[in-house]
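Take a look at the structure below. This report walks through it piece by piece.

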Protein chains: 2
Amino acid sequence: MSAVIENYWVTILKALGHPTRLQIVMELLKGTKCVTDIHDLLPASQANISQHLTVLRNARIVDFAQDGSQRCYYVCRPELVEGVLSLLRNEQPESRGTKVQCCLRKPDSEENH
Amino acid sequence: MSAVIENYWVTILKALGHPTRLQIVMELLKGTKCVTDIHDLLPASQANISQHLTVLRNARIVDFAQDGSQRCYYVCRPELVEGVLSLLRNEQPESRGTKVQCCLRKPDSEENH
DNA sequence: AAATGATATTCGCATAACCTAATATCAAAG
DNA sequence: CTTTGATATTAGGTTATGCGAATATCATTT
């Protein structure tokens, strides 16, 4: 897997890995909104929301359409974002997940470091 | 959506949003590995890999089974991680994503801030 | 051409994340 | 019970991130 592509994945994951940005994206999935709309919905300053939108834009998660003086933001990779969210919805923090038997380390892995 | 759960999602996304940790997880998906195995595969120090494994463990993405003096790490939420990776594989960084028409902001949204 | 509304940018600071070097644990083998 | 191999932890320094305050842009209205 090329490092360029992997870096892009990391950029996406990092962009989604912030409470405010995740909320923005979840709101945008419900429908296109301008910055003021988002500002009305979330407990953050206008400047801060604008900053987070820039991060999301750089990760190519959102894009906007200009409409006079306002910018209508939307999720431009809805399958990706909805997919990730629906996977997350299946996970409970308390659950321990799958238990797995131990690996048997092969004694021939002797590359030195 | 409860803030507790959302914080957990953010923890997961943040944990995956680092190049070394993403690589660790991708290696572990191929099979359970102990720390030395991972160290042999990735260009990072033993201490650093151990630190990243702690982050992944706190996010409940990986767990380990003790086997004598070594710890066999594995992905304990394989459906989640594989799901996310397969969604990411569908995305190219160059693609512009879906274009969307502008929102029409309703003039009645007048809650003050 | 002001004034206004919507949004972006810049600066400065506080905090968090990351990494290396050094050290500590701890189980298995001598 | 000392040594060794495997792993974890701590400390300290560096860089990155997040955020508020102030300011800048830019389109629209007056």
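What follows covers the two DNA strands, then the salt bridges, then two single residues.

**DNA strand C**

This is a predicted model. Start with DNA strand C, which has 22 residues around it. Five come nearest: Thr36(A), Gln46(A), Ser50(A), Tyr73(A) and His52(B). So both chain letters appear among the nearest residues, as the names show. Sugar and phosphate make up 66% of the strand C atoms that come within 4 Å of the protein.

Which elements supply at least two residues each of the surface near DNA strand C? Chain A gives helix H3 (35-41), helix H4 (46-58) and strand S3 (70-75). Chain B gives helix H4 (46-58). Sorted by class, this surface has five nonpolar, 13 polar and four charged residues.

**DNA strand D**

Now turn to DNA strand D. Here, 22 residues surround the strand. The closest are His52(A), Thr36(B), Gln46(B), Ser50(B) and Tyr73(B). Of the strand D atoms that come within 4 Å of the protein, 64% belong to sugar and phosphate.

The elements near DNA strand D come from both chains. Helix H4 of chain A supplies at least two residues of the surface. From chain B, helix H3 (35-41), H4 and strand S3 (70-75) each do so too. The surface near DNA strand D holds five nonpolar, 13 polar and four charged residues.

**Polar contacts with the DNA**

The table lists side chains with a polar atom close to an oxygen of a DNA strand.

| Residue | DNA strand | DNA atom | Distance |
|---|---|---|---|
| Ser50(A) | C | phosphate oxygen | 2.6 Å |
| Gln51(A) | C | base oxygen | 3.1 Å |
| Arg21(B) | C | phosphate oxygen | 3.3 Å |
| Asn48(A) | D | phosphate oxygen | 3.3 Å |
| His52(A) | D | phosphate oxygen | 2.8 Å |
| Tyr73(B) | D | phosphate oxygen | 2.5 Å |

Read the table with the lists above in mind. Ser50(A) is one of the residues that come nearest to DNA strand C, and its side chain has a polar atom 2.6 Å from a phosphate oxygen there. Gln51(A) reaches a base oxygen of DNA strand C. On DNA strand D, His52(A) and Tyr73(B) are among the closest residues. The side chain of His52(A) lies 2.8 Å from a phosphate oxygen, and that of Tyr73(B) lies 2.5 Å from one.

**Salt bridges**

How many salt bridges does the whole structure have? A search over all chains finds four.

One of them joins Glu27(A) and Lys30(A), with N and O 3.3 Å apart. Both residues lie in helix H2 (residues 19-30) of chain A. They are three residues apart, about one turn of the helix. Are the partners buried or exposed? Glu27(A) is buried, because its relative accessible area is 16% and the cut-off for buried is under 20%. Lys30(A) has 65% relative accessibility, so it counts as exposed.

Chain B has a salt bridge between Glu27(B) and Lys30(B). Their closest N and O atoms are 3.2 Å apart. The two sit three residues apart in helix H2 of chain B, so about one helical turn separates them. Glu27(B) is buried, at 16% relative accessible area. Lys30(B) is exposed, at 65%.

Another salt bridge joins Glu91(B) and Arg77(A), at 3.4 Å from N to O. This pair crosses between chains. Glu91(B) is in the segment after helix H5 (78-89) of chain B. Arg77(A) is in the loop between S3 and helix H5 (78-89) of chain A. Both residues are buried.

**Lys33(A)**

Lys33(A) belongs to strand S1 (residues 33-34) of chain A. The residue is buried but has no salt bridge. Which side chain of opposite charge is nearest to Lys33(A)? That is Glu27(A), 4.2 Å away. The side chain of Lys33(A) does reach backbone oxygens: that of Glu27(A) at 2.9 Å, and that of Gly31(A) at 3.2 Å.

**Thr32(B)**

Thr32(B) lies in the loop between helix H2 (19-30) and strand S1 (33-34) of chain B. Its relative accessibility is 25%, so Thr32(B) counts as partly exposed. Thr32(B) and Tyr74(B) are 42 residues apart along the chain, yet their C-alpha atoms are separated by 4.8 Å.

Definitions and conventions. Residues numbered from 1 in each chain as written. Chains lettered and ligands numbered in written order. Predicted model: local features only at pLDDT ≥ 70, side-chain atom pairs only at ≥ 80, totals over all residues. Heavy atoms only, no water. Polar contact = N/O pair within 3.5 Å; in protein donor to acceptor, adjacent residues only side chain to side chain. Helix = DSSP H or I, 4+ residues; strand = E, 2+ residues; numbered from the N terminus. Nonpolar A, V, L, I, M, F, W, Y, C, P; charged D, E, K, R; others polar. Buried < 20%, exposed > 50% of the residue type's maximum accessible area, 1.4 Å probe, protein only. Lys, Arg positive; Asp, Glu negative; His and termini not counted.
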